[in-house]
Amino acid sequence: NIKKYQSDWKKYSSWKKKASTLENKEWNLETQRGKESYLKAQEKDYNTLAKVEDKAYKKYLSKAKSVKLSSSLKKKVQSGDYRISDYSSATQQKIQEYQQWWDKAQDAKSAKYEAKKNARDKKIERYQLYIDNAENNIAKLDAQMENSSSYKERIKYLKEERDYIKDNYY
């Protein structure tokens with residue numbers, strides 16, 4: 001059982017390390033495709049990190065539940081509404097053990113939600129890239145239409161703009 005716990009901890013640590021080193025990886029952020037792949041990779045890694053944090057949360061919570069304390073005392077420990085000196089030394093040890101597992105579970109839960117938020121932010125950034133690109137292309141088509149001398153050219157650019165909007169926004 002301890003070996004399985006150590007194995008899970010190693011996986012957890014490696015994913016946390018991967019997520020933190022993602023920022024240091026070199027990306028070609030000059031192109032649309034480079035920015036897009038960078039944001040997709042970050043989103044994927046944050047989603048994976050959220051899954052790992054969720055597993056850690058469940059394991060820590062099960063460890064906390066396995067500590068032999070009354071449910072009322074567990075609730076007091078969770079809320080911080082207790083004085084440890086009011087209990088026997090054996091109960092104090094159990095309280096400390098429960099508090100340790102409970103705190104780790106809550107930290108993992110917070111980290112999971114933070115990773116999910118980061119993944120969502122990266123997805124929003126990626127979609128904003130598409131919007132910005134489309135708006136830039138529409139602005140170019142508008143400028144070309146304004147600078148065109150004949151009505152045929154203007155109609156051509158208006159059709160291109162219509163098709164571009166249709167393809168990218170609908």
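**Five helices and how they pack**

Mentor: Let's start with contacts, meaning heavy atoms within 4.5 Å. Of those in the chain that link residues at least 6 apart in sequence, 63% bring together residues at least 24 apart. Keep in mind that this is a predicted model, where local features need pLDDT of at least 70 and side-chain atom pairs count only at pLDDT 80 or more, while totals for chains, interfaces and linings use all residues. Residues are numbered from 1 along each chain as its sequence is written, and side-chain values use heavy atoms, with hydrogens and water left out.

Trainee: What pattern does the chain follow along the sequence?

Mentor: The pattern is α-α-α-α-α, from five helices and zero strands. Helices are DSSP runs of H or I with at least four residues, strands are E runs of at least two, and numbering goes from the N terminus.

Trainee: What makes H2 and H4 roughly antiparallel?

Mentor: Look at the axes, which are lines fitted to C-alpha atoms, for helices over the stretch in contact, with angles from 0 to 180 degrees between N-to-C directions. Those of H2 (residues 32-66) and H4 (residues 89-147) cross at roughly 160° and come within 7 Å. Angles under 35 degrees are roughly parallel, over 145 roughly antiparallel, 65 to 115 roughly perpendicular, and the rest oblique. So roughly antiparallel is the label for H2 and H4.

Trainee: Which residue classes make up the contact of H2 with H4?

Mentor: That contact has 19 nonpolar, six polar and 15 charged residues. Here Ala, Val, Leu, Ile, Met, Phe, Trp, Tyr, Cys and Pro count as nonpolar, Asp, Glu, Lys and Arg as charged, and the others, Gly among them, as polar.

Trainee: Why are H3 and H4 called oblique?

Mentor: Helix H3 (residues 71-79) packs on H4 at an angle of about 55°, the axes being 10 Å apart. That angle falls in none of the named ranges, so the pair is oblique. From H3 the contact takes Leu73, Lys74, Val77 and Gln78, and from H4 it takes Thr91, Ile95, Tyr98, Gln99 and Trp102. By class, the contact of H3 with H4 has five nonpolar, three polar and one charged.

Trainee: How do you know that Lys112 is buried?

Mentor: Buried means under 20% relative accessible area, exposed means over 50%, and partly exposed lies in between (1.4 Å probe, protein chains only). Lys112 has 12%, so it counts as buried. Lys112 sits in helix H4 and, leaving aside neighbours within four places in sequence, is in contact with Ala50, Glu53 and Asp54.

Trainee: Why is Lys63 called partly exposed?

Mentor: Its relative accessibility is 30%, so Lys63 lands in the partly exposed range. Lys63 belongs to helix H2, and its C-alpha lies 9.8 Å from that of Gln100, with 37 residues separating the two in sequence.

Trainee: And what makes Lys159 partly exposed?

Mentor: Same reasoning: Lys159 has 46% relative accessibility, so it is partly exposed. Lys159 is in helix H5 (residues 151-169). Its C-alpha is 9.8 Å from that of Leu141, 18 residues away along the chain.

Trainee: How many residues are in the chain, and what percentage is buried?

Mentor: The chain has 170 residues, and 29% of them are buried.
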